[in-house]
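This briefing accompanies the sequence and model shown below. It treats the chain as a whole, then one helix, then one sheet.

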Amino acid sequence: MAQTPPGPGARAPPSLPSHLIEEILVRVATPRDLARASAACATFRRLVADASFLRRYRSLHPPLLLGLIDRPFSFTPAEAPHLNAPAAATLARAADFSFECLGPRGLLGWFHCDARDGRVLLMCPSPPGGPLLPELAVCDPLTRGHTLLPPIPDRLVPSSVCVPAREELVDCFHAFFVPSGDYEDTQFRVICWPHWVPSAFLYSSLSGTWTAGTTANWDALGLNVHPEEDIPQPSSLPSYAYGCFYWKESATNKLLKLDVNRMEFSAVSLPPNHENRQIVVVEAAGEGNIGILSRIPGQEIPHNLRYSIRQNEGEISNEHPMETTIPLPSDYERYFVVAAAEEYILLLGSRSISRRGSGVFREGSLAFFTLEIKTLKIEKVCSTCSICGRILPYFGFPPFMSPRRI
């Protein structure tokens with residue numbers, strides 16, 4: 001039955017006060033829907049554009065996977081039908097991933113080595129006569145701002161270590177962000193680990209200085225140290241869980257662990273038969289639970305990942321954990337684990353290689369997928385015909401929501 005319109009004396013319903021409208025808008029699930037809501041009226045637009053509202057929204061909603069940095073100074077946005085494709089396309093138009101603000105450096109130039117919270121960490125081998133360790137810079141692709149980090153003081157490097165040749169430094173040097181856990185944090189921290197040094201170094205933008213961690217004894221940790229090199233041989237980029245970074249140690253059943261709070265290395269045993277597997281450590285469901293994702297490189301059909309949950313790190317080598325087999329899409333012949341960040345695992349799928357000219361794969365022969373840890377959902381991000389260098393997932397917010405922190 002149709003409702004009778006209010007008569008001349010009837011009162012219109014009172015409008016919602018601004019603070020209640022804000023409480024509704026801050027619960028909008030995605031930035032795309034928030035942008036649409038802000039276009040509904042001037043009141044919504046004013047509330048959403050307010051800096052305090054955006055800070056609150058970003059603190060309640062995780063950043064979006066917007067694309068990949070998969071070639072030097074190149075950004076590949078997420079492609080439709082991926083849910084973040086519209087925001088990724090907007091970012092690609094607005095941001096600058098060429099980092100021209102840094103200027104040229106030497107023969108090799110800058111390399112991207114990590115990305116987190118919308119920032120990108122780059123390094124460059126120092127020129128002859130310059131500092132021994134590579135130069136580092138933190139950049140914001142949206143604002144074009146950057147910060148050059150000071151060199152690690154020589155006094156922090158043990159004098160007894162044997163330094164590799166300068167041309168080998170990049171391959172023996174890990175630099176990465178420490179997850180802030182707070183997307184509004186205007187400060188950042190960077191950890192560096194030169195593999196030939198038995199200690200890691202921590203930089204804080206708050207103090208603007210470097211500190212050295214506890215010196216490790218690789219032999220005491222039982223790592224696979226080569227006598228001629230006297231350094232451990234990590235076979236992958238680090239993964240992160242509960243305030244610690246983990247590397248798979250080459251050809252052993254061990255993980256190398258770095259506790260960020262204590263800046264101290266230790267070794268963690270893995271289950272049997274994990275010597276040659278790709279390993280990623282994640283925060284599993286349940287407080288303190290450790291998740292282990294493993295895959296044998298180049299393994300043929302059936303396509304799957306093995307996911308096991310350990311109740312705590314002390315039982316990481318337990319032979320009877322909760323295990324799940326995760327099937328991978330059959331469209332691609334092989335899969336490789338290439339990165340882990342923000343509760344996602346990044347996978348690279350490849351079809352049979354068919355080269356055109358020099359070193360270029362056939363279109364669609366390579367594709368990137370994400371595996372969401374909480375749901376185990378697999379989603380295609382984008383396709384590519386070539387890759388070069390380290391592959392970094394880039395998480396952030398659309399330009400109108402992004403903080404300005406550099």
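Helices, of at least four residues (H or I), and strands, of at least two (E), are DSSP runs numbered from the N terminus. On that basis, the chain of this predicted model has 5 helices and 25 strands.

**Chain overview**
- The chain comprises 406 residues, of which 49% count as buried.
- Among contacts with a separation of 6 or more, 51% are made by residues 24 or more positions apart.
- About 20,100 Å² of the chain is exposed, and carbon and sulfur atoms supply 53% of this area.

**Helix α4 and its cover**
- Helix α4 spans residues 51–60, and F53, L54, Y57 and R58 are buried in it.
- These residues lie on the same side of α4, because they cover an arc of only 130° around the axis.
- The cover over the buried residues of α4 includes three helices: α1 (18–25), α2 (31–38) and α3 (42–49).

**The four-stranded sheet**
- An open sheet of 4 strands runs in the order β19-β20-β23-β24, with antiparallel pairing.
- Its edge strands, β19 (334–341) and β24 (378–384), each pair on one side only.
- On average, neighbouring strands of this sheet are turned by 25° against each other, direction ignored.
- Within the sheet order, β20 is followed by β23; β20 (residues 344–350) and β23 (residues 366–372) pair in the antiparallel sense over 7 bridges.
- Opposite L346 stands T370, a residue of β23.

Terms used. Residues numbered from 1 in each chain as written. Predicted model: local features only at pLDDT ≥ 70, side-chain atom pairs only at ≥ 80, totals over all residues. Heavy atoms only, no water. Buried < 20%, exposed > 50% of the residue type's maximum accessible area, 1.4 Å probe, protein only. Arc of directions from axis to C-beta. Contact = heavy atoms within 4.5 Å. Areas by Shrake-Rupley, 256 points an atom, 1.4 Å probe, with all protein chains shown as cover. Pairing = 2+ DSSP bridges. Axes fitted to C-alpha atoms, helices over the stretch in contact; angles between N-to-C directions.
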